[in-house]
Amino acid sequence: MTGVDPAFERRRLLRLSAATAGGVVLASAGGRTAAGDVTVAPAEEVPPTEDLMREHGVLKRVLLIYEEAERRLRHGKDLPPEALRASADIIRTFIEQYHEKLEENYVFPRLRKAGKLVDTVAVLKTQHEKGRILTSRILAGATAQGLADERTRKRVVHAMRSFDRMYAPHEAREDTVVFPTFRDIMPAREFAEMGERFEDEEHRRFGTAGFTGIVDRVAGIERELDVYQLSKFTPHV
């Protein structure tokens, strides 16, 4: 079927499942009932905390791209400025303007209200602000002229290194402490509704491809810089 928003269709199937749960048992996708009728199981809704953790996966992959960019710039090797700019643009649009805003608008306020991790949340919010400054510096220097200038190149390298150093512990603390605590304090129904809200916002900003489209963009940059193959990171021991 064309022209159908996947998020809408997923929620429609979930509602249908709930409405018929008392009298109908759905087989797995592509399965058949005893009468031989093909059945379709509803897609499972992604919880908001899992959604945020998946988005951290995008951040981790861009951090690896930054590492490669740093290495090339420090050793005088070729770095296409377009690849660096595209990476920083993903950080700006997907992480800072979308992912972090979800945290700041939904996760952090609920933790503060519950009196949970208040000091940690304050540090995380400050780090968001510092990260945006660093991203602006990277974007400003990610041009052929900028990377050819020694002073600008050093400024870009320092910004990427600072960004990497800050966000590795930042996202690790959120994944292991902040998000589990947030889930513990959220009523189940409100938690589920928040997942739908997150998904709606994702598709509003990034189209029907949503998260998958962003991952594809990251993979394209990885291929351009020859850091896509997972086996490249396997040590020779």
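Okay, let's start with helices H4 and H6. In this predicted model, H4 and H6 pack with their axes 9 Å apart, at an angle of about 150 degrees. That angle makes H4 roughly antiparallel to H6, since anything over 145 degrees counts as roughly antiparallel. The crossing of the two is left-handed. If you sort the residues in the contact of H4 with H6 by class, you get 10 nonpolar, nine polar and five charged.

Let me stay on H4 for a bit. H4 covers residues 118-141. How far apart are its end C-alpha atoms? They're 35 Å apart, and the 24 residues of H4 should span 34 Å at 1.5 Å a residue, so the two agree.

Which residues of H4 are buried? The list is Val121, Leu124, Gln127, His128, Gly131, Arg132, Leu134, Thr135, Ile138, Leu139 and Gly141. As a reminder, an α-helix has 3.6 residues a turn, so residues three or four places apart point the same way. Keep that in mind when you look at the numbering of Val121, Leu124 and His128, which are among the buried ones. And what covers them? The cover for the buried residues of H4 includes H2, H3, H6 and helix H5, which is 144-148.

So H3 is part of that cover, and that's where I'd go next. The axes of H3 and H4 come within 10 Å and cross at roughly 160 degrees. H3 and H4 are therefore roughly antiparallel to each other. H3 passes H4 in a left-handed crossing. By class, the contact of H3 with H4 has 11 charged residues, along with 10 nonpolar and four polar.

Between H3 and H4 there's a loop, and Leu117 sits in it. What is its phi? For Leu117, phi is near 50 degrees, which is a positive value in a residue other than glycine. Leu117 counts as partly exposed, at 25% relative accessibility.

Now the third pairing, H3 with H6. H3 is residues 81-114 and H6 is residues 150-185; their axes come within 12 Å and cross at roughly 35 degrees. Here, too, H3 passes H6 in a left-handed crossing. From H3, the residues in the contact include Leu84, Ile91, His99, Tyr106, Phe108 and Leu111. On the H6 side they meet residues including Val156, Met160, Phe163, Tyr167, Phe179 and Phe182. By class, the contact of H3 with H6 comes to 15 nonpolar, two polar and five charged residues. Among the H3 members are Glu96, Glu100, Glu103 and Arg110, while Glu174 is one of those in H6.

On to H2, which takes in residues 48-74. H2 has 27 residues and reaches 39 Å from its first C-alpha to its last, close to the 39 Å expected at 1.5 Å a residue. After H2 comes Gly76, with a positive phi near 70 degrees.

One residue in H2 that I'd like you to look at is Glu70. Is Glu70 buried or exposed? At 6% relative accessibility, Glu70 counts as buried. Setting aside neighbours within four places in sequence, Glu70 is in contact with Val157, Met160, Arg161 and Asp164. You've already heard Met160 mentioned, as one of the H6 residues that H3 meets.

Also in H6 is Ala168. Ala168 is partly exposed, with a relative accessible area of 39%. Along the chain, Ala168 and His56 are 112 residues apart, but their C-alpha atoms are separated by 9.8 Å.

One more phi value, further along. Asp226 isn't a glycine, yet its phi is positive, about 60 degrees. You'll find Asp226 in the segment after helix H8, which is 210-224. With 47% relative accessibility, Asp226 counts as partly exposed.

Let me zoom out to finish. How many helices and strands are there? The protein chain has eight helices and zero strands, so to speak an α-α-α-α-α-α-α-α pattern when you read along the sequence. Of its 237 residues, 40% count as buried. And if you take contacts between residues at least 6 apart in sequence, 77% of them join residues at least 24 apart. Ala168 and His56, at 112 residues apart, are a handy pair to click on when you open the model.

Notes: Residues numbered from 1 in each chain as written. Predicted model: local features only at pLDDT ≥ 70, side-chain atom pairs only at ≥ 80, totals over all residues. Heavy atoms only, no water. Axes fitted to C-alpha atoms, helices over the stretch in contact; angles between N-to-C directions. Helix = DSSP H or I, 4+ residues; strand = E, 2+ residues; numbered from the N terminus. Left-handed = near helix turned anticlockwise from the far one by under 90°. Contact = heavy atoms within 4.5 Å. Nonpolar A, V, L, I, M, F, W, Y, C, P; charged D, E, K, R; others polar. Parallel < 35°, antiparallel > 145°, perpendicular 65-115°, else oblique. Buried < 20%, exposed > 50% of the residue type's maximum accessible area, 1.4 Å probe, protein only. Expected span 1.5 Å × (residues − 1).
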